[in-house]
There are 2 protein chains.
Amino acid sequence: MPVIFWLVPISSVTALLFAYYFFKQMLGYDEGTDMMKKIAKHVRDGAGAYLRQQYKVVLLVFLILTAIFSVMAFGLGIQNKWVPFAFLSGGAFSGLAGFFGMRAATFASSRVANACRESLNGGLRLAFRSGAVMGLVVVGLVLLDISIWFVILNLAIPEAEFGFKLLTITATMLTFGMGASTQALFARVGGGIYTKAADVGADLVGKVEAGIPEDDPRNPATIADNVGDNVGDVAGMGADLFESFAGSILATALLGAAAFVGYGSEMQFNAVMAPMLIAAIGTLLSIAGVFMVRTREGATQKELLKSLGLGVNTSAALIIVFSLGVLYFLGFENFWGLWGSIVVGLLAGIAIGQSTEYFTASAYAPTRRIAKASETGPATIIIAGIGTGLISAAIPLGIIVVAITLSYLFASGFTFDVANLNLGLYGIGIAAVGMLSTLGITLATDAYGPIADNAGGNAEMAKLGAEVRKRTDALDSLGNTTAATGKGFAIGSAALTALALLAAYFEEVKMMFVKFLDMPEFLIHGKDGAVEAQYANFIDFIYHYEIHLMNPKVLVGVFLGVMSVFLFSGMTMNAVGRAAQKMVDEVRRQFKTIPGILEGTAEPDYARCVAISTKGAQREMMLPSFVALLIPVIVGLIFGVAGVTGLLIGTITSGFALAIFMANAGGAWDNAKKYIEEGNHGGKGSDCHKAAVIGDTVGDPFKDTSGPSLNILIKLMVMASVVTVGVAVSYSLL
Amino acid sequence: MPVIFWLVPISSVTALLFAYYFFKQMLGYDEGTDMMKKIAKHVRDGAGAYLRQQYKVVLLVFLILTAIFSVMAFGLGIQNKWVPFAFLSGGAFSGLAGFFGMRAATFASSRVANACRESLNGGLRLAFRSGAVMGLVVVGLVLLDISIWFVILNLAIPEAEFGFKLLTITATMLTFGMGASTQALFARVGGGIYTKAADVGADLVGKVEAGIPEDDPRNPATIADNVGDNVGDVAGMGADLFESFAGSILATALLGAAAFVGYGSEMQFNAVMAPMLIAAIGTLLSIAGVFMVRTREGATQKELLKSLGLGVNTSAALIIVFSLGVLYFLGFENFWGLWGSIVVGLLAGIAIGQSTEYFTASAYAPTRRIAKASETGPATIIIAGIGTGLISAAIPLGIIVVAITLSYLFASGFTFDVANLNLGLYGIGIAAVGMLSTLGITLATDAYGPIADNAGGNAEMAKLGAEVRKRTDALDSLGNTTAATGKGFAIGSAALTALALLAAYFEEVKMMFVKFLDMPEFLIHGKDGAVEAQYANFIDFIYHYEIHLMNPKVLVGVFLGVMSVFLFSGMTMNAVGRAAQKMVDEVRRQFKTIPGILEGTAEPDYARCVAISTKGAQREMMLPSFVALLIPVIVGLIFGVAGVTGLLIGTITSGFALAIFMANAGGAWDNAKKYIEEGNHGGKGSDCHKAAVIGDTVGDPFKDTSGPSLNILIKLMVMASVVTVGVAVSYSLL
């Protein structure tokens, strides 16, 4: 193993050490009054209980899937024998990351509220560093898992002709992403249902029927609502990006192994190393960025945003410089081109974030137009939100199209010629890694949001003074902006990761094809392969698996992919409706049967609401999850590789569009409501405000359940296809 | 020309004669009181004014496009010289059909209302036969245009080797569909915006603010609302299905010419004839079916529905029998298989209609659940509608998948082998023709709905007695059911037609390829072509145009297709919002400035509202229409054939899903509201009812503007790609 590899485990351990340091530092802060401690404990216990329950279910699913993969590996021989173990480790590491991140968040909220009693600056720094625990744990654990497996497999797998060793290593490691995907599926879907069932339920009875404000301790669902922010926005988002980070690095490593087979074993090794090294350096730069976030007392929201931006942007600017060095150092002939792909990925991430901000922030025309539509009632504000949300999806779709085209062309040497196909696909993977390289700090700004939100809830329930509440509000409002751009970033990176995975899927099929033909020289691309042989091999491959566009099975697959997306979104949407209904019934029951609850003389039964949300989320997440896991296998069994390829293309494209539409429409309604609350169109309590509250409630499952769950769906379906590729290749019916 | 061909023009003329007969017969009925006449004249004049205005705009667009196609044909030589003329004739015939259909509908409404003063049976028969005018004019004119062009081109185009003559004829005729598509685009988008701007505007101020009932003559927008039913639901639907009918027959004729090149010239000719003959016989059977629709006085809704069903189902059953005879008579070796494809198409149409009914009728669980969600307010009824609408899209997607697979396999002889590819694609086309064969009568049941609706409006405004109103309500309510299934049928047939067109697109590319290679023998498939030569040719073709799934241009195309769909839907959605806003302002202004209007002593300025809707629709339809027309050309110029193919696949699949989602969610909200009005969940005036009215208003642009416009988008984008195929082949950048 060359020396430079050790940068990966080193940066991993560094990230984990800093996460531990920030966590300990945060624990050293005072938790405030007894009331604050009590509330924080309620939320922490609720979140812990949820996670324990969820992990039980997930464990069962993992055991079943591991059994299936073991049969495929050891029984049928259509799967590498390392797969079940890689799968388990990915799930375990992702679960650990979720656990640590949420621990940090739930310990932080009361401490942030307390720090805000002293100063805004202290509150910001504490909230942000607590968020950084999540960010650093995620990237640290991904890099750790990658390092361990790379060392093990490098020792265990024997040398082979035609670069087959590295291909096998990277193809095996990719399946560790399947564990992360499965974990993320349940975290996003379950967490998303939990948080919105509690939120919608709390709002419908508390705000609308009983007329008490948000986060009021008299509302029995208010603790569940705060727990929801943690399990949905912290743990769910963390698992989502854990998967993207792991998936993009691993897929790109495999694409590198495939693209550089003909360039000599050292170059092939370096191509595999490149995504890992870029991620490792990005992680170190993220840690540096975290230390740059601080602000002066009495800072405006703009200054707060600027201070967060400084940390994030400095890391991004530095990774651009360093990655050029890495590519040059690794000896890539076309290092300028590959560097171009990285820059494209980073810029695409920023551009998608900007477009999200434009379409969802009340400073811009779209959200203002939606707010204005409230003047003719709830129906027109909903029509306006849906219309604008649909249009808003076009921009990120356009950005992704440009990003795919440019990152491919930069890496392929500006040609679409088949001889350079694998180089181009490697470029798309490298772009995804570039977008995610500074995840350590971008995820910190995401996780910061719900921590600030919970600190505000804690301050409200503990009845701290108006000054404190104003400070937590400033942090919270900032959190809403970072959450919106964070969501754009999460879905953008999910799309690029899914595309890298799709390219990796073809590599897996190709390796099956080689086994089938017993012809490893087929894998040779680039320099050493004779062009004519390549051409013949390539079309043989296309023809054998019928992966051309005149094949009706491909078309059928695309239809099924779109179908999966609509079915999955509809199911998660209805799941929130049903779970929220149960919460509404419970809150109404408590208001009716517990005397003195609305006067504030009796304490509501918070735990019961937490339990109802937990149970509802667990039950409701099963069906959509099985849809996501089973469809790729079923399509593979019936329509083979061509059908699965169509399926994945349909899922990725329409899932991406629907996710953006839902996230943006939801975000815009949320901010249109806040814009009205600031005194526009009649302000709080006006008819316009009532219409906007309805819009906001409709948007809740859009932006926090169905939309983000689609991020997972598009990655998981590709992952599931990669892992079960042997089924589609060997057992397809048609 | 063989004798059997003349069945096509004969059935065309027969259909037109019966349309004329039904029209004259309807005109013979009494129009009722002076008030009824006056109202009907208002609506008729408004509809006429709208159509004149629309046709002016469309004429301009046609002149521009004809100029472009002429440059392509005569200047650049990348287009057949007949294309500009075929294009113009398709547009003109479709325009004529819309004009006649709407004339009939607007003359009928007062007469139907008057007939209902006597008996329900008389009202039903009159309304239905007036609807049949539209149905028969559409199918008659399509078959007439096809007959004329087939005769002309058969004389004008010289004999050629390898079946090239029929290929050229059918490829040229296909472009007549482009004229129909362009006409349909403006009819659906403009009409859809018109009708919902008027409806939403009338409801928001009239029902919600002023508290006056629907169709109340005191509401200035009420005439515009009734005009809207005619221009949106009659003319728009007619143009939509004109396009589907023409497109499916013409695409299948081309696919037949391609699939049977190697089977001898007579067989090739018969394969081209088959779709025309099936459509011709279906037309004659439709006329017979129209005569079967009648009912007894005092019939229940169930009996009314049964009497409509009897006509439709008898025609469908008979076409199944007759088409087997046609296929046998034409000498198809695999006539059983092709017949299977026809049956699959018909069954798929019925199944999609059934699924639409299940998800939108208040007799079934989904709509009832949506109605129940009104108990927790407008937000939850909207969440429930969207969730259920998304899920409901999965069923028709599944049906289409099964229909594609089976119709392909039946026609190809149960194989996916490339040698039988064209036979299989011909089967998909034949399935589309089968689904649409009895369009004459199914379209009559669609057009019947808005006629009954307008008759109800006429009765209400003319203050006819409760007994009359009850009868028109029975007809209207029946119209709502047939409208929902009609919408399902329209979108289902649009999808199958678009797929047939997509297959035809490949044929057009192939013909370009042959020109490029100067190798007409490439076109030989089936019996006479040696398998090895075919295989080599086929992969050459795939490779030359890079239409395989590892090509990133294909992926980019699919992303752009999904983007087009979302952009187009969002634009039409927002267009309704903006146009409705103008209508709201105008109605408010009239209520404020015209004294005595709400007391019924002064007449509102109906004409101004009609003019506002007209202007709004005309302005708003331009941008989405240009998106639909330009995107295929731009994508072709940049990404070539591979990009365009991806684009079309993305548009068809996601457009179909979004259209079903929107139509079903809108229909379900509409019927949930009606269900509550029947006295459930508190009945009319309750909070649940108010929530349901909001849901219904949101659903208006869903089901009557954006949803149906997507039917056109998916067909038009393929058509535009077919017509501009020379651009993508010869001038693509990448």
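In which crossing, left-handed or right-handed, does α19(A) pass α20(A)? Keep that in mind as you start; the answer comes at the second stop.

**Before you select anything**

This is a predicted model, in which local features need pLDDT of at least 70, side-chain atom pairs count only at pLDDT 80 or more, and totals for chains, interfaces and linings use all residues. Residues are numbered from 1 along each chain as its sequence is written, while chains are lettered from A and ligands numbered from 1 in the order in which they are written. Helices here are DSSP runs (H or I, at least four residues), numbered from the N terminus, as are strands (E, at least two).

**Stop 1: both chains**

Show chains A and B together. A rotation of 180° with 0.0 Å of shift along its axis puts chain B on chain A, with RMSD 0.0 Å. That is the relation of a two-fold axis. The fit is by least squares on the C-alpha atoms of residues with pLDDT of at least 70 in both copies. Now pick H548(B). Its C-alpha comes closest to the rotation axis among the residues of chain B, at 2.0 Å.

Next, colour the interface. Here 69 residues of chain B are in contact with 69 residues of chain A (C-beta atoms, placed from the backbone, within 7 Å). On the chain B side, α18(B) gives the largest share, 21 residues. That side holds 49 nonpolar, 19 polar and one charged residue. Ala, Val, Leu, Ile, Met, Phe, Trp, Tyr, Cys and Pro count as nonpolar, Asp, Glu, Lys and Arg as charged, and the others, Gly among them, as polar.

**Stop 2: α19 and α20 of chain A**

Select 687-723 of chain A for α20(A), and add α19(A): their axes come within 6 Å and cross at roughly 155°. That makes α19(A) roughly antiparallel to α20(A). Axes are lines fitted to C-alpha atoms, for helices over the stretch in contact, and angles run from 0 to 180 degrees between N-to-C directions. Over 145 counts as roughly antiparallel, under 35 as roughly parallel, 65 to 115 as roughly perpendicular and the rest as oblique. And the opening question? α19(A) passes α20(A) in a left-handed crossing (the near helix is turned anticlockwise from the far one by less than a right angle; clockwise is right-handed).

**Stop 3: α12 of chain A**

Keep α19(A), residues 606-677, and add α12(A), residues 378-392: the axes come within 8 Å and cross at roughly 135°. The two are therefore oblique to each other. α12(A) passes α19(A) in a right-handed crossing. Among the residues that meet are G385(A) and L390(A) in α12(A), and F661(A) and W669(A) in α19(A).

Key
Contact = placed C-beta atoms within 7 Å.
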